[in-house]
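Please open the structure in your viewer and keep the selection tool at hand. The stops below say what to pick next and what is found there.

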Amino acid sequence: MEEEQRIEDEDGNVLTISQHPPLPPHRKTHSYGTSTSTSTPLISSSSKRNTFRKHSLDEKTNTFYDEFLPKSSSVPAHSGSTGNELQEYLNQFTGTKPISIPLPIHNNKMCKNKKTRMYLILDRFQSLLLVVEVMGFLKYHYAAAIRPDRPPSLELRPHPLRETQVGWFLRTIASTDNQLWAGQECGVRYWKFSNMYEPGCGIGTRMRRGDEDAAPFHESGPSAPTVCLLVDDGNRLIWSGHKDGKIRSWKMDQSSDGTTPFKEGLAWHAHRGPVLSMVMTSYGDLWSGSEGGVVKIWLWEGLEKSLTLTVEERHMAALMVERSYIDLRSQVTFNGVCSISGSDVKFMLADNFRGKVWSVGHLSFALWDAHTRELLKVFNIDGQVENRVDMPSVQDPSAEDEMKIKFVSTTKKEKNQGSFSFFQRSRNALMGAADAVRRVAAKGAFGDDHRRTEALAIAIDGMIWAGCTNGLLVQWDGNGTRLQEFHHHSFAVQCFCTFGPRLWVGYASGTVQVLDLKGTLLGSWVAHSSAVVKMAVGAGYVFTLASNGAIRGWSILSPGPLDNLLRSELSSKESLYKVQENLKILTGTWNVGQGRASHDSLISWLGSVASDVSIVGVGLQEVEMGAGFLAMSAAKETVGLEGSSMGQWWLDTIGKTLDEGTTFERVGSRQLAGLLVSVWVRKNLKPHVGDVDAGAVPCGFGRAIGNKGAVGLRMRVYDRIICFLNCHFAAHLEAVNRRNADFDHVYRTMVFSRPSTQANAAAGMMRYLFLSCSLACSAYIFWLVHYFGLPFVLSVAAGVSSAVQMIRGVNVHAEDGKPELSEADMVVFLGDFNYRLHSISYDEARDFVSQRCFDWLWERDQLRAEMKDGKVFQGMREGQIMFPPTYKFERHQVGLAGYDSGEKKRIPAWCDRIIYRDNRSASSSVCNLDCPVVSSISQYEACMDVTDSDHKPVRCIFSVDIARVNESIRRQEFGKIIVSHDKIKSLLEELHYIPETIVSTNNIILQNQDASILRITNKCGKNNAMFEIFCEGQTTVSEDGQASDHRPRGSLGFPRWLEVSPGAGIIRPGQIVEVAVRHEEFHTLEEYVDGIPQNWWCEDTRDKEVILLINVRGSCSIETRSHRVRVRHCFSSKTEPKDSKSRSRRVQSNVLHRSDIQHLNGSSDVAKDLRNLHGP
């Protein structure tokens, strides 16, 4: 009876009854490695063969040499296949170009076959090594500290383990002239650029875990999670927006000693929801955006008053600011109709070129006048102007039909039809739910999200750039006109950063790209292993914050010649920052056949050898089976639920065997139906292990049921990625191709990423479906098996499961076309692979086993043959098998006499195996930072004394050498190279070069609505000059005509009576830029209370004076040269004539000329007329 309930059991033919659908090949060539007489050899047959062993049974020896190499010197190819077909298949993984990757092997010799266009390497022993296997699985994974495919970076904060960051994740960064600030889940922190090359404190110090190797930083007291940061250079403040709706200020110049957290300054409750975005306009006003399309303005006059209050008056200051805002949404709402979108204001941007502000949601844009605060334009992502009428949302009927289950009430007549109609309707409901989820997933997870705006930035030329979910880069002009679009990467844009004539783009894939202002791609590299969520410029670096918390600094000159010099110098100092670790890893696999193990069995299998290992990885198969369990397991997977009581029993029992809690600690586990994988680590290693992720791939019944498939765990150990995969492949002697296809499917589709927001949304809907239907499932699941048969039951579960797999399938963060497993440093496959012995009878196999002639049996092993032909486990290795076949035994019978002696007499086979790969490209590779993980097998055996199952447990102990980087020392060496290397110092001089510029005057007088032209000239004949204009301060002129005590506004903004246009721009070599300085009629000031204007009064009519600060720098300069221009506004002027000639004369007369300035007739006279003119 027990055998009849098992799914795809060795005795059953379930999948043949259910007519398992044929698996379509992934390529034109059906065989990856079958050598034929028509295949073209890449190396002459007379080439010297490797004297080393090529697989474990080529010769009889007691050494554990475990290298697998091709069995012949010709590249495996399918009969009749062509080189073009092979290259087409390779292009799935590597792109359209032939693969050529030089590996760090001494005395290498490159060769290339023109027909197959596949590059190979001959090592010193003249044995063939495939750099990239035909299947595309053996990718060359750059794990070195100095990678050749990206510029060297400054590791300001190395990647912390995720488990150490709970409650402390970094969310955003912003840069000042001498600091880098970061917003985190419990406040803010900052790094001083003067200390950015200093070493960290290391593990075991008072420093919190995750920051042991980070450069020294200062941290604030606790607060609500920080969402956004804003730099206010004028008042030396950092403004932060928080999840609790508060805006807080922090002084840049903190007097913290590094041990005491610094405190916030002015803080007030700005929004009911989180503060999603903030910006300071060119007039010093603070704008903030929140949920529901809410935009508020906090006028500088109110902020200035509150900032002048003492600490004791801080509460009063907060109350003053909280009520002195302008609610823009209410101002554009008339008769209940709002002109702007009700979506969250995710981004805000200040266009100081034109005095405008952009407020942006994911799908809509609003353009405002920063001076008058009027709404100028509302448009969508296509640039089309919208006449928006926001009314209460009404659910889309079509979406509603897809999102709900239609339960139709039954009539009396239907009720009399008996149980059959009831079960049929229930089945239709489940299938309808699965179909609804599948349609929703195909649409893109509840909406057309691929064009959503995810990032916004303004370039030095005044163009606005927006990044979309589909990787599209859209360029807008300052008036909201969509100009052009570019597409350089398929992943979502996450952030922008502009500096000089370059635009930096960060993507969800971890890729960073550098573009010029025309959209031309200048460089691209993988900057992080996770999404780049924020970027900031400071101290000659573009700092990138990854979602995993790492912060790296990239030279603003990258990509360029500086990269090669840094790479070479850092490589030469590798011995200073390289650290090598050694640990032992115990892995075990066991098909438990739905049974339980005794304590003695677990001691024999794991406990007896765990005393000196650091990591234990265990994989179990057939923990629990049966039609009802598999169907329910598939349904549970759709709602993000996994595990079972039997699986938990195994975890607890193995944990007790390993002394969990005292000696070992379980770091992760994953169960899919009858498959279970779990990993324990020794407690003293736990600080170096983290980022544990799990994944599962079903391979049974339409790739949806977990009776066959794989579960895996991925983790970082000493900053290297190690993966453990527990697999159970298709059964039966003749199903070799299906087993190969199962491996192919698992390797390609295994995803370890945590559920995304998209998947969570789908899972939420599926939870509703699951809870609504679970009672019905429980009631009739076994009846369905009896009445309809197993295929019907599995079709229901497969429908739901495949829909969710469709949703989860988009959650891949690896590089384009690469399986995630190819990015790991070490991968261990263990499990019941079900490969059998071929061309041998039961009696012959028993005789060979009894005589311990395993070499003869090994020649008949299907897995050995498939691996040598390159059809499965490409580029991987297995230890030498010195134990009897582990399948199939009668339970509780000791010794080799326990092999199956029943009616079917299954042929003994090595079904249970452990296969792995590391970073080695050759057996002679040594452990270093270019090849950081090198492992060897010290023990590979089966526990033949365990009789609790029809399979014997297998274990393998690896001795693993891991090379890692001491990031603190490397950062120190990085700094030493920067300041001491002559060639690098010469290249970095570009960061300090400023083109020579002159300004036409340093004094301007304006009267009511006057205008004056300020000319800025770039005297350099080769390089562009970048300029920005700020207001350094303003004051009131006394009766004696003296002006003093100039006070800056927020972010060095202009007073409301002054307009400067353009406020920034590019000056071409030898060209002039004319800046209009105008007086704006602004005689009335308003006071707002709770967003409503309450008081009006006339502006102060005394004369005023401001100091304009014109900062000029080069294209890549981190330094500026400043020109100062005094602008005085006088009210005591006579009424001016209004005709154009008089107006022209008045504009000229309002400039206070210096003795060395002449009037300019045109840009062509610049060199002659302004030759001797110097800026102040």
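**Backbone stops in loops**

Begin with R852, which sits in the loop between helix 18 (842-850) and helix 19 (854-858). The model is a predicted one. R852 is not a glycine, yet its phi is positive, at about 55 degrees. Its relative accessible area is 48%, which makes R852 partly exposed.

Now select R373, in the loop between strand 21 (364-369) and strand 22 (375-380). R373 also has a positive phi without being glycine, and the value is near 65 degrees. Is R373 buried or exposed? R373 counts as buried, because its relative accessibility is 13% and the limit for buried is under 20%.

Two peptide bonds belong on the same list. Select Y887 and K888: the bond from Y887 to K888 is cis, with omega near 0 degrees. K888 is placed in the loop between strand 42 (877-878) and strand 43 (912-917). Then go to S1061 and P1062, where the bond is cis with omega near -5 degrees. The loop that holds P1062 runs between strand 50 (1058-1061) and strand 51 (1064-1067). As background for these stops, most residues other than glycine have a negative phi, and most peptide bonds are trans.

**The whole chain**

Zoom out and colour by secondary structure. How many helices and strands does the chain have? There are 24 helices and 56 strands. The chain has 1176 residues, and 57% of them count as buried. Its accessible surface comes to about 48,500 Å², and carbon and sulfur atoms account for 50% of that. Among contacts with a separation of 6 or more, 67% are between residues 24 or more positions apart.

**Strands 6, 7 and 8**

Select residues 179-184 and 187-192, which are strand 6 and strand 7. A hairpin of 2 residues links strand 6 to strand 7, and the two strands pair in the antiparallel sense over 6 bridges. Show side chains for W181 and Y190: W181 stands opposite Y190 in strand 7.

Add residues 218-219, which make up strand 8. Strand 8 runs antiparallel to strand 7 and is joined to it by 2 bridges. Which residue of strand 8 is the bridge partner of R189? The partner is E219.

Turn on the surface around strand 7. Of its 6 residues, 5 are buried, so strand 7 is largely enclosed by the rest of the structure.

**The nonpolar cores**

Next select L583, I615, M715, V717 and F958. These residues touch the most other members of the largest nonpolar core, which has 50 residues. Strand 45 (residues 954-965) gives the most to this core, with 5 residues.

Centre the view on F958. Leaving out residues up to four places away in sequence, F958 touches a set of residues that includes L583, I585, M826, V828, I914, Y916 and I937. Polar side chains are worth picking out too: K584, T587 and S936 are also among the residues F958 touches.

Apart from the largest core lies another core, of 49 residues. Select A182, L545, L562 and C927 to find some of its members.

**Aromatic rings**

The model has 36 aromatic pairs. Select W590 and W605, an edge-to-face pair with 5.4 Å from centre to centre and 75 degrees between the planes. W590 is in strand 34 (residues 578-591) and W605 is in helix 12 (residues 599-605), so this pair ties together parts that are 15 residues apart in sequence. Both W590 and W605 are buried.

Move to F848 and W856. Their ring centres are 6.2 Å apart and their planes meet at 10 degrees, so the pair is stacked. F848 is partly exposed, at 25% relative accessibility, whereas W856 is exposed, with a relative accessible area of 54%.

For a group of rings, select F729, F743, Y747, F829, F833 and F873, which form one aromatic cluster.

**Charges over rings**

End with two places where a charged side chain lies over a ring. R739 lies over the face of Y835, 5.2 Å from the ring centre. At the other place, K952 lies over the face of F889, at 4.5 Å from the ring centre.

Terms used:
Residues are numbered from 1 along each chain as its sequence is written. This is a predicted model: local features need pLDDT of at least 70, side-chain atom pairs count only at pLDDT 80 or more; totals for chains, interfaces and linings use all residues. Side-chain values use heavy atoms; hydrogens and water are left out. Rings of Phe, Tyr and Trp (its six-membered ring) pair if their centres lie within 6.5 Å; planes under 30 degrees apart count as stacked, over 60 as edge-to-face and the rest as tilted. Helices (H or I, at least four residues) and strands (E, at least two) are DSSP runs, numbered from the N terminus. Buried means under 20% relative accessible area, exposed over 50%, partly exposed in between (1.4 Å probe, protein chains only). A charge sits over a ring if NZ of Lys or CZ of Arg is within 6 Å of the ring centre and within 35 degrees of the ring normal. Two strands pair if DSSP finds at least two bridges between them. A nonpolar core is a set of buried Ala, Val, Leu, Ile, Met, Phe, Trp, Tyr and Cys residues joined through side-chain atoms within 4.5 Å. Contact means heavy atoms within 4.5 Å. Accessible areas come from the Shrake-Rupley method with a 1.4 Å probe; for residues, only the protein chains shown count as cover.
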